[in-house]
Amino acid sequence: MAVAFDEMNGLGEAIRPAYQELSRWLKETPPDALEYRRQEAELLFRRIGITFAVYGDAEAQERLIPFDVIPRIMSAKEWALLERGLKQRVKALNMFLRDIYHGRDILRANIVPEDLIFQNPVFRPEMNGQDVPHDIYVHVAGIDIIRTDAENFIVLEDNARTPSGVSYMLENREIMMRLFPDLFARHRIAPVEKYPDELLSALRSVAPLSASAEPTVALMTPGVYNSAYYEHSFLADKLGIELVEGRDLIVKDDVVFMRTTEGLKRVDVIYRRLDDDFLDPLTFRPDSALGVPGLMSAYAAGNITLANAVGTGISDDKAIYSYMPDIVKFYLSEEPILKNVQTWRCREPKDLAYVLDNLDQLVVKEVHGSGGYGMLIGPAATKATIEAFRDKLKREPEGFIAQPTLALSTCPTCTTAGLAPRHVDLRPFVLTGSQRTTIVPGGLTRVALKEGSLVVNSSQGGGTKDTWILDE
């Protein structure tokens, strides 16, 4: 694998401009002082109770996501490019979703194969011909970004269903400000604290036409057993809205109400953090105890906005991802600002043959996988793992895509042996309301804490960093 680009030291030539002040500060700070603050950060996270659950891990039902105290820094110029690219991509995603549930121009133009849409388990025929307020399907997108050099940002995947992680972005900043006021004073850093206000205003702006002037927004959670429950309660609190479960809601005459101590209160917008399958037992899984019977008929009647819309899972599909450059060109007649990772679609015989011949060099992912599960990293895998994966690919090629093993950029990170480079990615959060698209400067930087590891997912032992965009 190529030498990784380091965001502080480049390819070893000199400290990059955005990191010069941090580099000076690190030289002045004794290692034990840094270690002391690292422990203090961990204590704060424990006290606040920021945890996530790991499914199937009996040892650790609730884990702290490790936090690294060395910030990741980007210049205003780098951010401006990334922001333009993210807005372009999310606009194209929204147009694509509207099109596949309405006119299907992109299928008629033979840009995306029909079977990839219609035979896709996350395509929702219930949404065919159904309009959504302001044609916005993806109100909150989390787009995973990597870089391999100083010039380019590359999209690793699109999360358009229920992207999580924004609570860590907000908490990381708060803790950094408390523990490192001296380092903050030496930089001008764009604020992220506006995120809850921006999210609430985006959600209110897409309320149904029948809603009151002050639309009621609620956050719907699957409940305390969900791995992201901490984030659900954190966000409801920050937005000043009710946190509800399915059993707190009721549908009457196609209008959604929540039960309150003063009786029923109409709800106009639901920021839902559960998957389509569980939303309404009358439409989707009849055994879902998490949903609201009749919710989809209220949705069809135009009396409730669901954010994100039903049926957005199709744009999280990693085979659809491989068509994104064409999707951007088709709807916007523009070249994509953000590149895609080269992707082999195992559903295509030619690509499959190449992948089977080169399994030891590629990363192979499930098209519907998430959280870093069900993935093969060829260069790090044993022969037996590779052979088991080969059988899986031959049995069900359409379930997988493959990509080259990229040298993700690295950032300096605290380790037991002192500062060392570790691989990172970035998940910025893109908010789309009826009037505008906003992105708070930064996002969630995830870091692979094991030396040499490329897996940044928190479920696989990754950690997080605060992301500083310099306000130049």
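## The second largest pocket

By class, the lining of the second largest pocket breaks down into nine nonpolar, three polar and five charged residues. Keep in mind as you look around that this is a predicted model. The second largest pocket holds about 390 Å³ of space. It is lined by 17 residues, and those closest to its centre are Arg 38, Pro 66, Phe 67, Cys 414 and Leu 449.

Which elements give two or more residues to this lining? They are α2 (31–48), β3 (67–74) and β18 (410–415). Helix α2 makes the largest share, with five residues. As for how such spaces are found, rolling a probe the size of a water molecule over the atoms shows where empty space is left.

## A sheet of three strands

Now for a sheet. Strands of a sheet pair through backbone hydrogen bonds, either parallel or antiparallel. Here, an open sheet of three strands runs in the order β8-β9-β10, and its pairing is antiparallel. The edges are taken by β8 (249–252) and β10 (263–266); each has a single partner strand, so one side of each is left without a neighbour in the sheet. On average, neighbouring strands of this sheet are turned by 40° against each other, direction ignored.

Take a look at the pairing of β8 with β9 (residues 255–260): four bridges join these antiparallel strands. One spot to find on screen is Lys 252, which stands opposite Val 255 in β9.

## Strand β17 and its partners

Is strand β17 (residues 400–404) largely enclosed or left open? Four of its five residues are buried, so β17 is largely enclosed by the rest of the structure.

Strand β15 (residues 362–366) runs antiparallel to β17, and five bridges join the two. Within that pairing, Leu 362 has Pro 404 of β17 as its bridge partner. Strand β14 (residues 344–345) is antiparallel to β17 as well, joined to it by two bridges. There, Trp 344 stands opposite Ala 402 in β17.

## A buried lysine

Lys 318 sits in helix α11 (residues 318–321). Is this lysine buried or exposed? Lys 318 has 6% relative accessibility, and because buried means under 20%, it counts as buried.

So what does Lys 318 touch? Leaving aside residues up to four places away in sequence, its contacts are Glu 157, Lys 365, Glu 366, Val 367, Gly 369 and Ile 401. Some of these will look familiar: Lys 365 and Glu 366 fall within β15 (residues 362–366), and Ile 401 falls within β17 (residues 400–404).

Notes
Residues are numbered from 1 along each chain as its sequence is written. This is a predicted model: local features need pLDDT of at least 70, side-chain atom pairs count only at pLDDT 80 or more; totals for chains, interfaces and linings use all residues. Side-chain values use heavy atoms; hydrogens and water are left out. Two strands pair if DSSP finds at least two bridges between them. Axes are lines fitted to C-alpha atoms, for helices over the stretch in contact, and angles run from 0 to 180 degrees between N-to-C directions. On a 1 Å grid over the protein atoms alone, a cavity is a set of points where a 1.4 Å probe fits but cannot get out, and a pocket is an open set with protein on both sides within 12 Å along at least five of seven lines; lining residues have an atom within 4 Å of a point. Grid points are joined across faces, edges and corners, and a volume is the space filled by probe spheres set on the points. Ala, Val, Leu, Ile, Met, Phe, Trp, Tyr, Cys and Pro count as nonpolar, Asp, Glu, Lys and Arg as charged, and the others, Gly among them, as polar. Buried means under 20% relative accessible area, exposed over 50%, partly exposed in between (1.4 Å probe, protein chains only). Contact means heavy atoms within 4.5 Å.
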